[in-house]
Amino acid sequence: MRTTRNDLAPTTRTTVIAALAPALATAIDLALAAKQAHWNVRGRQFAPLHALFDQVAGEAGAWADDLAERIVQLGGVADGTLAAVAARTALAPYPAAATAGDDHVAAIADRLAGFGAQTRAAIATTGEAGDAVTSDLFTELTAGADKQLWMVEAHLS
């Protein structure tokens, strides 16, 4: 961890970065999964789902950026490489053969729920570590994931 003038104790920063890094990997994985759905969805609901998955990808990309920037603010290294994402994501591999709208909707809903669960747990972890700012960030990300999940689940029959 690099030196910074941030006044959080080094042990706090280490604990918080350890919560941020896997969430970063999961957010990147989620953004890529949403793009996979966006590119490959087919069926009668193509147009609205194509747009919805692009929206999810954009949100997840913004979440990844916020997570990465917080890691660096605390003196860490934001590792968004393919190897790091593959090793740290909390999400199962995306079903690459999916083409039907319902299959993509279910897959993206599962991934949004997984990201939401991960960030919800990190609210407490980072708060208990003494970093209210990161805890608030995780609260904001969880609210965003819950909203996107609601939008996606509205397409489930």
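Q: Which residues of helix α5 are buried?
A: The model is a predicted one. Helix α5 covers residues 132–153, and a residue counts as buried when its relative accessible area is under 20%. The buried residues of α5 are T134, S135, L137, F138, L141, T142, G144, A145, Q148, L149 and V152.

Q: Against which helices do the buried residues of α5 pack?
A: Packing is judged by contact, that is, heavy atoms within 4.5 Å. By that criterion, the partners of the buried α5 residues are α1 (10–40), α2 and α4.

Q: What is the expected reach of helix α5 at 1.5 Å a residue?
A: Helix α5 has 22 residues, and its first and last C-alpha atoms lie 31 Å apart. The expected span is 1.5 Å times one less than the number of residues. The reach of α5 is close to this expected value, which is 32 Å.

Q: Why is the pair of W63 and F115 stacked rather than edge-to-face?
A: Rings pair if their centres lie within 6.5 Å, and planes under 30 degrees apart count as stacked. The ring centres of W63 and F115 are 5.2 Å apart, and the pair is stacked because the planes meet at 5 degrees.

Q: Which helices hold W63 and F115?
A: The two residues are 52 residues apart, so the pair links distant parts of the chain. W63 lies in helix α2 (residues 46–73), and F115 lies in helix α4 (residues 101–129).

Q: Which helix supplies the largest share of the largest nonpolar core?
A: This core has 44 residues, and W63, L67 and I108 have the most contacts inside it. At least two of its residues come from each of α1, α2, α4 and α5. The largest share, 14 residues, comes from α1.

Technical notes. Residues are numbered from 1 along each chain as its sequence is written. This is a predicted model: local features need pLDDT of at least 70, side-chain atom pairs count only at pLDDT 80 or more; totals for chains, interfaces and linings use all residues. Side-chain values use heavy atoms; hydrogens and water are left out. Rings of Phe, Tyr and Trp (its six-membered ring) pair if their centres lie within 6.5 Å; planes under 30 degrees apart count as stacked, over 60 as edge-to-face and the rest as tilted. Helices (H or I, at least four residues) and strands (E, at least two) are DSSP runs, numbered from the N terminus. Buried means under 20% relative accessible area, exposed over 50%, partly exposed in between (1.4 Å probe, protein chains only). A nonpolar core is a set of buried Ala, Val, Leu, Ile, Met, Phe, Trp, Tyr and Cys residues joined through side-chain atoms within 4.5 Å.
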